[in-house]
Amino acid sequence: MKFKVFRGCGRGLSRQGCGRQNKQLNSYDWLADVPGNVDTTDLVEVQFKNTRKGYYHNVNNLDLKKGDIVAVEANPGHDIGVVTLTGRLVELQLKKANIKSPDDIRRIYRIAKQVDMDKYYEAKAREHDTMIQSRQIAKDLGLDMKIGDVEYQGDGNKAIFYYIADERVDFRQLIKDLAAAFHVRIEMKQIGARQEAGRIGGTGPCGRELCCATWMKNFISVGTNAARFQDISLNPQKLAGMCAKLKCCLNFEVDDYVEAGRRLPAKDQVLQTADSDYYFFKADILAGLVTYSTDKKLAANLETISADRAREIIEMNKRGEKPLSLMEDGTKKADDRPKDLLADADISRFDSARRKKKKKRTGNREDQPQQAEGKAPSREERNGRSEGRGSRNNRRQHNRQDNNVPQNAAKNEAPKAEKTD
């Protein structure tokens, strides 16, 4: 399969309607290869900067494919966007976007020409400087708001300012100052913290790009109950995302946890056996395993059983029966769960190679006493060494004296022999 790289698609490659994603918030067109899919409707989905999308009529019957850069109708002038979806799925996207008025659906003029692209790039180059200056203007006016992003229209005749504010802001004077400073038509749009994170983008703590910046279209409220159902500790630093709100991914698996949690016994249920009473300690919800302890508050004599076995013991207790043990056969079963083979491994084994290299460099000196690693020599050892050194010095001096005696004797005897002669 050959891929064609389209100009302006900064997120990968695309081929017709069902290729790799080339823009943010793309929808996979699984009907792209169906004959007559494009002929069913003239509606086309076009995406602009970051998360802004629009829906337009292809009144000129242009042969549009996913990734084509088109010039669309705007108020005033025209805008430049990228085609992200065609065919029947666009009607479903309209329902999701809750667009009912036909006035909100405008026309596609043409496929963008080189002149249109030159104006587009010229307008986009002004966005960053405009955002910095607009923040300073809002600060001088004393407005409690934050301008998070600026988007110029494709022809450069209008600019959209996205801002965040906790309370209602009177920005009538701000619009006048911005229009006088940049000489364009001004449009203000208030967004939330999640929408701002989606427009700016970034990498989440999971190591992947933010969901709100890639595929999420609608934001659903997230509560702390989602963390409780999944047995996640209520730590604000871990539950909060890049937008300082609760992570949207807390809602992804909460339905599975709620359904799996219904198959577990109640936490306040006490299991009675012939040996002792067992209280709920913790549960592995998705695996269907429950751990019980003989103490209400401490981890004592922990036993892990399945949810079916726990319900069976509860039914036996209701009939007045007590099993010998929580296990089915009265003995502990082997844990079939995967284990970490390197859990008890010694990490210091990687240091052996370094020690060998150090020994080769320094060399083993036989004349120096070897000390045990990590132990200082005792006082007796130091005294023994000093005594050994003193005895060696005494022997050396004694040998010198012995060697000097015959020489002096020879010198003294020689002159006496000459006198006797």
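Reader: Let me jump straight in: in S8, which residue is the bridge partner of Lys 158?

Author: That's Arg 185. One caution before we go on: this is a predicted model. Now zoom out from that residue pair to the strands. S7 and strand S8 (residues 185-190) pair in the parallel sense, with 6 bridges between them. To get from S7 to S8 the chain passes through helix H4 (residues 172-182), and this β-α-β crossover is right-handed.

Reader: And on the S6 side, how many bridges join strand S6 to S7, and do they run parallel or antiparallel?

Author: Strand S6 (residues 146-152) and S7 run antiparallel, joined by 6 bridges. If you want a residue pair to click on, Glu 151 stands opposite Ile 160 in S7. The hairpin of S6 and S7 has 5 residues between the strands, and in it Gly 156 takes a positive phi near 80°.

Reader: Is S7 buried or exposed, then?

Author: Count residues under the 20% cut-off for relative accessible area. For strand S7 (residues 158-164), 7 of the 7 residues are buried, so the strand is largely enclosed by the rest of the structure. Then split the strand by side. Lys 158, Ile 160, Tyr 162 and Ile 164 are on one side, Ala 159, Phe 161 and Tyr 163 are on the other, and both faces are covered.

Reader: Where else should I look for a hairpin?

Author: Try strand S1 (residues 43-47) and strand S2 (residues 53-57), which run antiparallel and are joined by 5 bridges. Leu 43 in this pairing stands opposite His 57 in S2. The hairpin has 5 residues between the strands, and Asn 50 takes a positive phi near 55° there. S2 also pairs with strand S5 (residues 106-111), in the parallel sense, over 2 bridges. In that pairing, Tyr 56 stands opposite Arg 106 in S5.

Reader: On to helices. What span does helix H9 have, and what span is expected?

Author: The idea is to compare the end-to-end C-alpha distance with the rise per residue. Helix H9 (residues 307-318) has 12 residues and reaches 17 Å from its first C-alpha to its last, close to the 16 Å expected at 1.5 Å a residue. After H9 comes Gly 320, whose phi is positive, near 90°.

Reader: Which residues of H9 are buried, and what covers them?

Author: The buried ones are Ala 307, Arg 309, Ala 310, Ile 313, Ile 314, Met 316 and Asn 317. Their cover includes strand S9 (271-272), strand S11 (289-293) and strand S12 (303-306).

Reader: Why would Asp 308 and Arg 311 be worth looking at together?

Author: Start with the general geometry. An α-helix has 3.6 residues a turn, so residues three or four places apart point the same way. Here, Asp 308 and Arg 311 are 3 residues apart in helix H9, so about one helical turn separates them. They form a salt bridge, with the closest N and O atoms 2.4 Å apart. As for accessibility, Asp 308 is exposed at 52%, while Arg 311 is partly exposed at 34%. Elsewhere, salt bridges that share partners join Lys 49, Lys 124, Glu 127 and Asp 149 into one network.

Reader: How many salt bridges are there in total?

Author: The count comes to 15 salt bridges. It helps to read each with the accessibility of its two partners. Take Asp 63 and Lys 65, whose closest N and O atoms are 3.6 Å apart. Asp 63 is exposed, with a relative accessible area of 60%, and Lys 65 is partly exposed, at 33%. Then take Asp 116 and Arg 110, where the closest N and O atoms are 3.2 Å apart. Asp 116 is buried, with a relative accessible area of 6%, whereas Arg 110 counts as partly exposed at 28%.

Reader: Last one: what do the numbers for the whole chain look like?

Author: The protein chain has 11 helices and 12 strands. Of its 421 residues, 33% are buried. For contacts, look at sequence separation: among those with a separation of 6 or more, 57% come from residues 24 or more positions apart. Finally, the accessible surface comes to about 28800 Å², and 47% of that belongs to carbon and sulfur atoms.

Technical notes:
Residues are numbered from 1 along each chain as its sequence is written. This is a predicted model: local features need pLDDT of at least 70, side-chain atom pairs count only at pLDDT 80 or more; totals for chains, interfaces and linings use all residues. Side-chain values use heavy atoms; hydrogens and water are left out. Helices (H or I, at least four residues) and strands (E, at least two) are DSSP runs, numbered from the N terminus. The expected span of a helix is 1.5 Å times one less than its number of residues. Buried means under 20% relative accessible area, exposed over 50%, partly exposed in between (1.4 Å probe, protein chains only). Contact means heavy atoms within 4.5 Å. A salt bridge is a side-chain nitrogen of Lys or Arg within 4 Å of a carboxyl oxygen of Asp or Glu. Two strands pair if DSSP finds at least two bridges between them. A crossover is right-handed if, with the strands pointing away from the viewer, the path from the first strand over the helix to the second runs clockwise. Accessible areas come from the Shrake-Rupley method with a 1.4 Å probe; for residues, only the protein chains shown count as cover.
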